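Biologist: Please take a close look at one part of this model, the largest cavity and what surrounds it. Once that is covered, go on to the other elements that can be described.

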Amino acid sequence: MNQRNYLIRTAAILILAMVSTSMLAKNTVKSLVAEYLVNPIGIDVKEPRLSWQITSDGSNVLQSAYEIRVADSPQALASKNKLIWSSGKVESNQSVNVIYGGPALKSMQRVYWQVRIWDNNNKVSKWSEPAFWEMGILEPESWEASWITMEDEKSVTSLPCHYYRNEFSTSKKVKSARVYVTSHGLYQLFLNGKKVSDDLFTPGWTTYNKRLQYQTYDVTSQIGSENAIGAILSDGWYRGKIGWDYQNGYYGDQLALLLQLEINYTDGTSETFTTGDEWKVATGPILSSSIYDGETYDARLEIEGWSATGFDDGKWQNAEVTNQPKDILVAPQGVPVKATQEIKPIEIITTLKGELVFDMGQNMVGWVRMKVQGKKGDQVVLKFAEVLDKEGNFYTDNLRSAECTDTYILKGVGEEVFEPHFTFHGFRYVKLEGFPGIPELEDITGVVIHSDMDRTGTFTCSDPLINQLQQNIQWGQRGNFLDVPTDCPQRDERLGWTGDAQVFSMTAAYNFDVAAFYTKWMKDVAADQLPNGKVPHVIPDVLRGDGGSTAWADVTIIVPWTVYKIYGDKRILDEQYASMKAWVEYMKSDAGDDYLWTEGSHFGDWLAYATINSDYPGATTEKDLIATAYYYNSTKLLGKIAGIIGNKEDAEKYDSLSSKIKKAFVLEYVTPNGRLVSHTQTAYALALAFDLLPENLKGKAAEYFANDVKKFGHLTTGFVGTPLLCNTLSAIGRDDLAFMLLNRKEYPSWLYPVTKGATTIWERWDGQKPDGTFQDVGMNSFNHYAYGAIGEWLYGHVAGINVDVENPGYKHILFSPHVGGGLTNANAEFMSMYGEVKSSWKIEGQEFVYEIVIPANTTATVTLPEAKVEQVTINSSALNENVDDLKEQGNAVVLNLGSGSYQFRYPADKLK
Ligand code: BGC
């Protein structure tokens with residue numbers, strides 16, 4: 001819908017609202033966020049974007065104006081002359097990502113803000129509760145601290161972790177205290193014997209040589225008169241093994257710590273404590289810690305009280321000051337990794353081989369906490385596996401060279417509790433070796449970790465297998481959104497594979513709030529991009545610049561586009577624009593004058609259905625067809641994006657380039673009869689979904705596509721085709737085939753792994769074959785989210801919640817549920833930036849019952865399938881007597897509504 005139509009419709013809704021809204025609607029402004037975060041501290045976005053939600057007991061509520069005020073304290077917000085900034089009353093319906101327009105904020109400055117709104121009846125709300133944000137360190141000169149390190153010998157294996165400490169005293173009353181901290185390697189920070197934060201894997205993983213995050217923690221309440229600070233440093237991604245060559249020290253061979261503590265006293269003075277050469281350092285009980293290999297902890301070497309005051313560090317070495325860069329420090333924009341859930345094992349198994357194995361009942365990512373009692377020097381070895389083999393034995397061949405082993409050496413003092421510090425595993429089964437005594441279920445607890453994104457979506461339906469599939473998709477996302485979107489969490493890989501990330505991004509954005517997560521990661525995509533525009537295969541790039549594959553490198557455009565669609569975020573388009581353009585220009589120069597991209601090395605339709613039977617061949621889609629299709633799609637999107645950010649010249653340029661690519665594509669890959677040279681599901685899905693075909697060939701291509709699905713009776717797609725498959729079948733009117741693919745339980749299908757007991761999404765359609773044997777050990781992850789991209793179709797098509805790209809961020813919502821596949825109900829809830837969106841249908845006897853929730857300050861177009869206006873009721877009254885803006889379109893009724901909760905009912909006889 002174009003902007004004009006939207007305005008007309010909004011006006012119509014406003015008129016309707018006059019009629020139906022209670023003039024006394026009570027609106028409350030809540031859920032204030034800055035840069036997508038609740039009360040963030042230590043941000044460095046100079047003009048943060050502010051968003052709020054409106055809840056209302058009325059319907060058809062729109063915001064007609066807002067007013068924001070910002071002050072130094074919550075109290076000062078009410079005094080006009082104490083405000084730092086007031087937006088004044090702004091006539092606008094914008095309640096998402098409103099840019100702070102006040103004076104420039106200083107390093108470390110905290111400001112409070114609140115907002116009130118006027119609705120479409122010109123009724124003003126109360127001021128919201130205050131929220132705040134706080135700036136981090138904005139200029140490199142403000143970093144007074146020195147990097148410190150401890151020299152350790154060069155090694156290709158993980159070395160003992162470093163323990164740093166220092167003490168300081170204060171003599172005045174503390175008003176506020178902040179610690180700013182980062183490291184080369186991973187750190188855990190302690191103050192007066194206690195951990196400062198439950199954030200994990202800090203400082204996170206970025207393109208370390210160009211962007212290194214520091215964290216900010218509020219430690220006001222932890223500061224006493226005598227204080228001790230301690231930090232443990234481990235190899236992590238910085239110095240540990242990472243990447244294909246199983247390389248050590250990709251980013252550097254020296255661990256280092258940088259810390260600055262700023263204390264403001266109530267008398268107006270302040271003090272700064274920093275890392276420097278007076279700090280002490282030693283090694284301790286963590287003998288080695290590696291992301292791939294696991295951790296070895298010798299409890300006999302524990303250093304009692306090392307991070308508290310009064311500890312005698314006389315035998316510790318002095319830390320050395322090291323000259324590492326400070327001008328690449330950035331505040332985090334994403335969300336921290338945290339432990340979000342604990343899981344109890346469901347069974348202890350003794351395998352045929354006699355192994356002692358705990359079954360956690362869920363393929364999860366994190367580690368286990370173990371309780372153990374034994375003699376000093378007893379050693380318990382914990383190994384981790386995703387699956388048991390055909391005979392029920394512990395199976396780790398698919399972990400390749402990753403050792404995934406934690407070793408705990410007991411100190412022998414009653415009950416001891418161990419959990420690792422700087423490693424994670426992807427596993428369902430835990431094997432214990434050397435456990436003293438007989439372990440019980442309570443001795444092991446699974447600790448689930450991931451980037452702590454808010455869960456925004458749920459999808460359920462009447463089929464328990466599909467519900468399990470949805471669970472598996474969400475678990476796959478949790479396990480693989482660990483500061484960067486990774487391919488898998490268990491083998492010697494765990495890398496930010498760009499192709500996997502882009503195909504899954506829409507599904508990801510239904511399940512969890514990924515706005516901040518992707519904003520951070522996309523900065524690394526741009527940072528690691530090569531000068532010629534090539535995008536590395538993995539981000540952060542630890543494969544030394546290898547890149548430029550079609551459908552992988554296009555992440556540069558597709559993920560920001562997803563963030564724009566789902567969160568209405570224009571800034572990410574602006575900020576990533578140069579990177580997007582560089583990628584399209586790279587394809588353009590590689591493709592050359594014929595506009596066909598036949599060069600380069602590509603992964604193609606990775607892991608597509610394959611056989612060696614000559615009479616029942618698999619499906620291979622030519623790589624240059626895929627490459628040219630993606631070249632077109634990205635160029636077209638770039639043109640659109642250029643238009644959105646106001647770059648008219650580029651909008652025209654890339655639009656015209658995309659037309660040329662389309663022409664070339666048709667000439668080269670499509671017969672005059674609409675058959676594609678690669679006669680595969682993936683090729684047709686690409687051509688139809690990307691709109692690559694001339695009008696007169698679309699029907700014929702759709703027929704070929706449908707016939708291929710019918711002929712096989714199953715999907716044949718890989719990473720590239722799978723996310724488009726059901727969406728495209730539905731778009732050509734073949735819901736029957738899309739549901740057939742969804743419902744299929746034999747290999748290859750989404751439900752086949754579910755019938756095999758999968759609790760996450762598998763990398764391959766036949767990770768475990770029907771006879772119980774496994775796919776090739778070289779590549780067989782049981783936790784790879786890419787095929788989980790079907791989630792987008794479940795939410796968007798089956799349940800029917802969709803964004804309107806012309807009014808992004810769910811400002812205008814498209815509800816369009818689809819009944820099929822024998823389902824008798826489907827329900828989705830989605831927490832949008834405006835509030836909760838709900839779409840839930842069921843067949844109840846002879847009736848179709850459909851319920852939706854449209855949040856305040858949004859509008860929606862609802863398409864009721866197989867309906868006749870006069871048979872539909874809305875909230876128990878005749879539809880046509882209550883809604884003006886409606887029409888019959890084909891077999892559907894289409895209507896426009898404002899915010900509120902609605903229930904529709906009508907005869908279900910045509911819905912199957
Ligand atoms: C990864 C993938 C990735 C692929 C490239 C694999 O090793 O696990 O998911 O996209 O390589 O084709």
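Modeller: A cavity here is a set of grid points where a 1.4 Å probe fits but cannot get out, and its volume is the space filled by probe spheres set on those points. The model is a predicted one. By that definition, about 90 Å³ of space lies in the largest cavity, and the structure holds 5 cavities of 30 Å³ or more. The lining of the largest cavity consists of 13 residues. Nearest its centre lie Leu 469, Trp 750, Pro 753, Ile 761 and Trp 762. Two elements, α3 and α14 (751-755), each give two or more residues to this lining.

Helix α3 deserves a fuller description. Helix α3 covers residues 464-480, and its 17 residues should span 24 Å at 1.5 Å a residue. The end C-alpha atoms are 24 Å apart, so the computed length agrees with the expected one. The expected figure is 1.5 Å times one less than the number of residues. At the start of α3, the backbone nitrogen of Leu 465 has a side-chain oxygen of Asp 463 within 2.8 Å.

As for burial, α3 is mostly covered, with 12 of its 17 residues buried. Buried stands for under 20% relative accessible area. Among the buried residues of α3 are Ile 466, Leu 469, Ile 473 and Trp 475. The buried set also includes Gln 470, Asn 472, Gln 474, Gln 477 and Arg 478. Leu 469 thus appears twice in this account: it is buried in α3, and it is one of the residues nearest the centre of the largest cavity.

Next come the strands. An open sheet is formed by 5 strands in the order β39-β40-β44-β48-β47, with mixed pairing. At its edges are β39 (801-803) and β47 (886-889), each of which pairs on one side only. From one strand to the next, the twist averages 20°. The edge strand β47 pairs with β48 (residues 892-897) in the antiparallel sense, over 4 bridges. In that pairing, Gln 889 stands opposite Ala 892 of β48.

A hairpin is made by β18 and β19. Strand β18 (residues 256-265) and strand β19 (residues 270-274) run antiparallel and are joined by 5 bridges. Glu 262 has Thr 272 of β19 opposite. There are 4 residues between the two strands, and in this hairpin Gly 268 takes a positive phi near 95°.

Technical notes: Residues are numbered from 1 along each chain as its sequence is written. This is a predicted model: local features need pLDDT of at least 70, side-chain atom pairs count only at pLDDT 80 or more; totals for chains, interfaces and linings use all residues. Side-chain values use heavy atoms; hydrogens and water are left out. Two strands pair if DSSP finds at least two bridges between them. Axes are lines fitted to C-alpha atoms, for helices over the stretch in contact, and angles run from 0 to 180 degrees between N-to-C directions. Buried means under 20% relative accessible area, exposed over 50%, partly exposed in between (1.4 Å probe, protein chains only). A polar contact is a pair of N or O atoms within 3.5 Å; within protein, one must be able to donate a hydrogen and the other to accept it, and residues adjacent in sequence count only if both atoms are side-chain atoms. On a 1 Å grid over the protein atoms alone, a cavity is a set of points where a 1.4 Å probe fits but cannot get out, and a pocket is an open set with protein on both sides within 12 Å along at least five of seven lines; lining residues have an atom within 4 Å of a point.
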